[in-house]
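Hi everyone, thanks for coming. Let's take a few minutes to look at one chain together, starting with the whole and then picking out one small part.

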Amino acid sequence: MNDVHRSDDGDLVGLAEIAELAGVSRTVVANWRARDPRFPRPMVELRAGPVFNRDVAARYLRRRNRHMAHVVSTINLKGGVGKTTTTVGLAEVLSADFGKKVLVIDLDPQTNATTVLIGEDRWRELNGAGHTLVSLFTDALRRDDEPARFDLNSTLQRKVSAVTDVQTVDLLPSSLDLIDVQDRLAGMPSGRFYSNNPTDLLRRAVRPLLDNYDYVLVDCPPNLGIVTLNGLRISDGYIIPTIPDVLSTYGIPQIQTRVRAFADSLGETIHELGIVITKFREASKVHHATLRRLVDDENLPPVFDTRIPEGNAIAASAEFSTTSTLRQKYSYQGGYEAFRELAKEFISQVEDIA
């Protein structure tokens with residue numbers, strides 16, 4: 001058992017303990033394990049039986065028995081592909097059109113999702129007061145005699161968005177200072193039982209919040225570093241927004257390989273929900289050829305049917321500008337309808353892995 005990496009609360013459980021948590025017999029749990037593909041994988045198999053991470057087991061039980069947030073990361077290794085626009089568009093449509101409560105976690109140091117949802121002036125106030133996610137990560141690097149700065153309640157921004165119809169989107173804002181923090185996180189001491197695992201910081205901080213939401217969307221940086229891994233650590237799955245061209249799609253296999261390896265190290269599954277085509281130009285032969293290649297390649301994640309078109313209104317949606325409805329924000333050039341159809345597909349995909 002000495003080589004088993006423990007969770008931050010130090011708990012490991014077997015089938016009998018899972019049965020106690022669920023209030024059922026051990027035989028029932030054994031049947032779940034045999035028949036339910038969602039049942040967590042053991043951290044290690046011992047003669048006495050399989051051993052599981054208690055937190056992962058509890059997460060599984062909550063999902064079996066009651067509402068639990070669906071957590072999805074958005075990733076691409078290339079910037080400028082519409083990753084943040086997709087994240088924010090989904091969040092706003094899920095709220096306004098589908099009545100869902102959504103949390104956006106902005107892990108991208110470019111802070112685009114943050115400024116789209118609350119504006120630059122409000123972001124500067126929060127950043128100056130230390131009420132962004134950078135405080136969470138810098139706390140992990142502080143000396144023992146230094147006080148913690150991160151305060152979850154002060155950092156959480158409620159009912160964000162400049163669209164009047166959007167009433168149920170909350171935000172954990174990012175900071176430009178995250179750029180400097182990531183490299184330092186790689187060298188932080190792991191602590192006893194790996195309790196200071198640098199990829200587990202976000203999960204430990206936001207765990208009390210997650211089940212207050214229907215969906216949690218994590219806008220990840222354009223890399224596969226420690227901050228991105230923090231987002232994946234809490235995620236059920238991920239999507240890859242991309243422009244359908246060679247440069248924007250080149251890194252997709254690398255994303256798949258890295259995410260699978262990280263999930264395997266946790267004993268979990270992080271599902272490939274699909275590729276979202278963004279900034280699509282109907283008249284472009286390159287876009288159509290690349291789209292066909294993505295669809296036909298069985299080694300790549302599935303491609304969402306909905307394509308987000310290139311258009312001035314969608315480009316302008318990256319600015320914090322007050323509007324009454326989503327249709328006004330995304331104009332009448334097909335942007336609003338595309339995001340609504342994408343949200344329908346997204347809900348269906350996420351429900352399939354629940």
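Of the 354 residues in this chain, 52% count as buried. Please keep in mind as we go that this is a predicted model. As for the surface, the chain exposes about 16300 Å², and carbon and sulfur atoms supply 47% of that area.

What is the chain built from? Its secondary structure comes to 16 helices and 10 strands. The radius of gyration is 21 Å, close to the 20 Å that the globule rule gives for 354 residues, so the chain is as compact as a globular protein of that length. If you prefer to think in box dimensions, the C-alpha trace spans about 60 × 50 × 35 Å along its principal axes.

Now, which residues touch which? Take the contacts between residues at least 6 apart in sequence: 76% of them join residues at least 24 apart.

Charges next. You can count 42 positive and 47 negative side chains, and the centres of those two sets lie 3 Å apart.

Finally, let's zoom in on a sheet. This one is open, with three strands in the order β1-β3-β2 and antiparallel pairing. Why do β1 and β2 each have one side without a neighbour in the sheet? Both β1 (12-13) and β2 (44-46) stand at the edges with a single partner strand each, so one side of each is left without a neighbour there. Between β1 and β3, which covers residues 49-53, the antiparallel pairing runs over two bridges. To find the spot on your screen, look for Leu12, which stands opposite Asn53 in β3.

Note on methods:
Residues numbered from 1 in each chain as written. Predicted model: local features only at pLDDT ≥ 70, side-chain atom pairs only at ≥ 80, totals over all residues. Heavy atoms only, no water. Helix = DSSP H or I, 4+ residues; strand = E, 2+ residues; numbered from the N terminus. Rg over C-alpha atoms; globule rule 2.2 N^0.38 Å. Buried < 20%, exposed > 50% of the residue type's maximum accessible area, 1.4 Å probe, protein only. Contact = heavy atoms within 4.5 Å. Areas by Shrake-Rupley, 256 points an atom, 1.4 Å probe, with all protein chains shown as cover. Lys, Arg positive; Asp, Glu negative; His and termini not counted. Charge placed at Lys NZ, Arg CZ, Asp CG, Glu CD. Pairing = 2+ DSSP bridges.
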